[in-house]
Amino acid sequence: MKNLKMKFARMEKDISQIELANRIGVTRQTIGMIESGDYNPSLKLCVAICKELGKTLNDLFWEEENDENEEK
């Protein structure tokens, strides 16, 4: 599932994928794959992303029950 919450949070902060990647020590491709739903990040990486974007784990990585129902 795409992580649009993360993408929008990054865009709100006016941070590019490259800049976010550099700040947390991963590649731009990793950020792109997380946003596109092609990579499931570790908890440590999720926490680092949240700290950089000023969000909580729930804000960026928790799937709401309504979101899951819409996918089905």
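Over which residues does pLDDT stay under 50? Colour the chain by confidence and select residues 68-72: pLDDT stays under 50 there, and the model has 2 contacts beyond four places in sequence for them. This is a predicted model, and where pLDDT is low, the predicted coordinates should not be read in detail. While the colours are on, select helix α6, residues 65-71, which has the lowest mean pLDDT among the elements, at 53. Then jump to α2, which has the highest, at 98. For the protein chain as a whole the mean is 90, with 89% of residues reaching 70 or more.

**The whole chain**

Switch to cartoon and zoom out. You should be able to pick out 6 helices and 0 strands, so to speak an α-α-α-α-α-α read along the sequence. Colour by burial next: 29% of the 72 residues count as buried. In surface view, the protein chain exposes about 5100 Å², and carbon and sulfur atoms supply 48% of that area. If you draw the contacts between residues at least 6 apart in sequence, 53% of them join residues at least 24 apart.

**Helix α1 and the loop after it**

Select residues 4-12, which make up α1, and show side chains. The buried residues here are Met 6, Ala 9 and Arg 10. They sit on the same side of α1 because they cover an arc of only 100° around the axis. Now bring up the surroundings: what covers these buried residues includes α2 (17-24), α3 (28-36), α4 (43-53) and α5 (57-61).

Go to the start of α1 and show Asn 3 as sticks. One of its side-chain oxygens reaches to within 3.4 Å of the backbone nitrogen of Lys 5.

At the other end, just after α1, click on Asp 14. This residue is found in the loop between α1 and α2. Is Asp 14 buried or exposed? Asp 14 counts as exposed, since its relative accessibility is 69% and the cut-off for exposed is over 50%. Check its backbone too: phi is positive, about 55°, although Asp 14 is not a glycine.

**The nonpolar core**

Hide everything but the cartoon, then show Met 6, Leu 20, Ile 24, Ile 31, Ile 49, Leu 53 and Leu 60 as spheres. In the largest nonpolar core, which has 13 residues, these touch the most other members. The elements giving two or more residues to this core are α1, α2, α3 and α4. Which element gives the most? That is α4, with 4 residues. As background, nonpolar side chains tend to be buried together in soluble globular proteins.

For a closer look, centre on Ile 24. Setting aside neighbours within four places in sequence, Ile 24 is in contact with Ile 31, Leu 45, Ala 48, Ile 49 and Glu 52.

From that list, step to Ala 48, which lies in helix α4. Ala 48 counts as partly exposed, because its relative accessibility is 24% and buried requires under 20%. You can also draw a distance from Ala 48 to Gly 25: the two are 23 residues apart along the chain, and their C-alpha atoms are separated by 9.3 Å.

**Helix α3**

Last selection: residues 28-36, helix α3. Show Thr 30, Ile 31, Gly 32, Ile 34 and Glu 35, the buried residues of this helix. What covers them includes α1, α2, α4 and α5.

Stop at Thr 30, which has its place in α3. Why does Thr 30 count as buried? Its relative accessible area is 17%, and anything under 20% is buried. Leaving aside neighbours within four places in sequence, Thr 30 is in contact with Tyr 39 and Leu 45. Leu 45 is also one of the contacts of Ile 24, so keep it displayed if you want to go back and forth. For another distance, pick Gln 17: it is 13 residues from Thr 30 in sequence, and 9.0 Å away in space, C-alpha to C-alpha.

To finish, follow the backbone out of α3 to Gly 37, whose phi is positive, near 85°.

How values were computed:
Residues numbered from 1 in each chain as written. Predicted model: local features only at pLDDT ≥ 70, side-chain atom pairs only at ≥ 80, totals over all residues. Heavy atoms only, no water. Buried < 20%, exposed > 50% of the residue type's maximum accessible area, 1.4 Å probe, protein only. Contact = heavy atoms within 4.5 Å. Areas by Shrake-Rupley, 256 points an atom, 1.4 Å probe, with all protein chains shown as cover. Arc of directions from axis to C-beta. Polar contact = N/O pair within 3.5 Å; in protein donor to acceptor, adjacent residues only side chain to side chain. Core = buried A, V, L, I, M, F, W, Y, C linked by side-chain atoms within 4.5 Å. pLDDT = per-residue confidence, 0-100.
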